[in-house]
Amino acid sequence: MAVPKEVTWLRDPHTAAKHDLLKKYLDAWAPILLSRHEMATYAEGFAGPGVYKAGEPGSPVIAHGVFADALLRHPKHLRMFLMEKDARRVQELRRQMARAQARQTEHVNQRLNIHIDEGEFHPALLERLRTSGALDQPLFVLLDSYGGPDIPYSLLKDLAAHDRVEVMVTFVPGFLMRFAAKHEGRRQQGDIAFGGQDWQAVFKQPSTEKFTFLRDQYRGCLQRAGFTHTLYFEMVDEGGRRLYLIFGTKNDKGLEKMKDAMWNVDPNHGVRYRDPKDPNQQQLDLDWDPDTAALRRILRDHVIDSPEGVTIAELQRFALLETVYRPAQVIRSVRQLRDANAVATDTTRVTGKTLVLPPRDDPPTSSPAEQDGLW
Ligand SMILES: C[S@@+](CC[C@H](N)C(=O)[O-])C[C@H]1O[C@@H](n2cnc3c(N)ncnc32)[C@H](O)[C@@H]1O
């Protein structure tokens, strides 16, 4: 997509998928945090005008709607800090947010504060978050630029220094791949975003590997910055161009909820959205069963490496932290592995927990695991 010049622009299908993902995540994030904390904050560095050309809501309006619902159930406080550089879009955003407020009750509006600032997102957003105390509270930061990369690594580090901060960054490798080999300025932009020059090894990668190389480099960069858990979600637009949403958190629950949201948007693989107009779309398998063959292989290998056995809870945590899969997918996969005699299960007498063990030589008998209610 060319960078739009007008105040509003047409919403692409992949943007709709991004909004779907954001909404699904915030639907989980807001009630969990408000049930435990007095205040949480949502911030955007690239807020946009709050509306698309055909009238669909932009991300700040979507987030506002989710927060208003959560505040009805949890009467706490939420703040929104929204930055936008383009003065015309700021004006439109103010109008859209005022409309969103007008749809809510006094009760919600008193608890949901909106701050809109015009200007360059950096370092102004960080300053805003610092002086308002938001960095020391639960905070979700959406950095949804056109994909630059525009986010300095130093900003990611400053955010990750705080335990309850989470980020979602839009990253478009194509810009770097196309221009950085020839243009010194683009290379420097890359160095600032990645916090070093390792990413430049992309120029030596075979062309089929370049996208995933940069994606993994950028994910690694969030990890180096201090976000212990990262996920990516790939979106392919109508021209076959790839964009990534990269999520970083230090929180197991945040990781789990973001995976849930991703699997909800992509029920087959949990990691991608393709525009139906993308010419390569037909190559995808279109069965509706989640593709968990890889999870089964990973679990089987993990169990074989653990001769003492592993509990279901341990396997679920392993899946959460080490794979793209969700803890909720583990039980079914273990059952399939057991039925194929690829692992064995046993219910320990002392704890009553199911242990998953390397396969026995004899064929599987009845399933003691069913007794502990996990099955
Ligand atoms: C991809 S759009 C944001 C869309 C919005 N997040 C949504 O989903 O509805 C990126 C926005 O960032 C703004 N922008 C670009 N560079 C910026 C900068 N350096 N600082 C702040 N805003 C910027 C653009 O004007 C544009 O409105």
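This report describes the domain arrangement and the internal cavity of a predicted model.

**Domains and their interface**

The chain is divided into domain 1, residues 13–283, and domain 2, residues 293–372. Taken over C-alpha atoms, the centres of the two domains are separated by 35 Å. Domain 1 supplies 8 residues to the contact, and domain 2 supplies 10 residues.

The size of an interface is often given as the accessible area lost when the parts come together. Between domain 1 and domain 2 the buried area is about 810 Å², with 61% of it given by carbon and sulfur atoms. On the domain 1 side, the residues that lose the most area to domain 2 are Asp 252, Lys 259 and Trp 263, which together account for 59% of what that side buries.

Salt bridges between the two domains number 2. In addition to these interface totals, the side chains of Asp 260 and Arg 326 form a salt bridge, with an N to O distance of 2.7 Å.

**Cavity**

Rolling a probe the size of a water molecule over the atoms shows where empty space is left. The structure contains 1 cavity of 30 Å³ or more, and the largest cavity encloses about 30 Å³ of space. Its lining consists of Lys 18, His 19, Leu 22, Ser 59, Leu 142, Asp 144 and Met 168. Helix 1, residues 13–36, provides the largest share of this lining, 3 residues. The lining residues of the largest cavity divide by class as follows.

| Class of lining residue | Count |
|---|---|
| Nonpolar | 3 residues |
| Polar | 2 residues |
| Charged | 2 residues |

Terms used:
Residues are numbered from 1 along each chain as its sequence is written. This is a predicted model: local features need pLDDT of at least 70, side-chain atom pairs count only at pLDDT 80 or more; totals for chains, interfaces and linings use all residues. Side-chain values use heavy atoms; hydrogens and water are left out. On a 1 Å grid over the protein atoms alone, a cavity is a set of points where a 1.4 Å probe fits but cannot get out, and a pocket is an open set with protein on both sides within 12 Å along at least five of seven lines; lining residues have an atom within 4 Å of a point. Grid points are joined across faces, edges and corners, and a volume is the space filled by probe spheres set on the points. Helices (H or I, at least four residues) and strands (E, at least two) are DSSP runs, numbered from the N terminus. Ala, Val, Leu, Ile, Met, Phe, Trp, Tyr, Cys and Pro count as nonpolar, Asp, Glu, Lys and Arg as charged, and the others, Gly among them, as polar. Domain bounds come from an automatic or database domain assignment. Contact means heavy atoms within 4.5 Å. Buried area is the accessible area (1.4 Å probe) that two parts lose on being put together, summed over both. A salt bridge is a side-chain nitrogen of Lys or Arg within 4 Å of a carboxyl oxygen of Asp or Glu.
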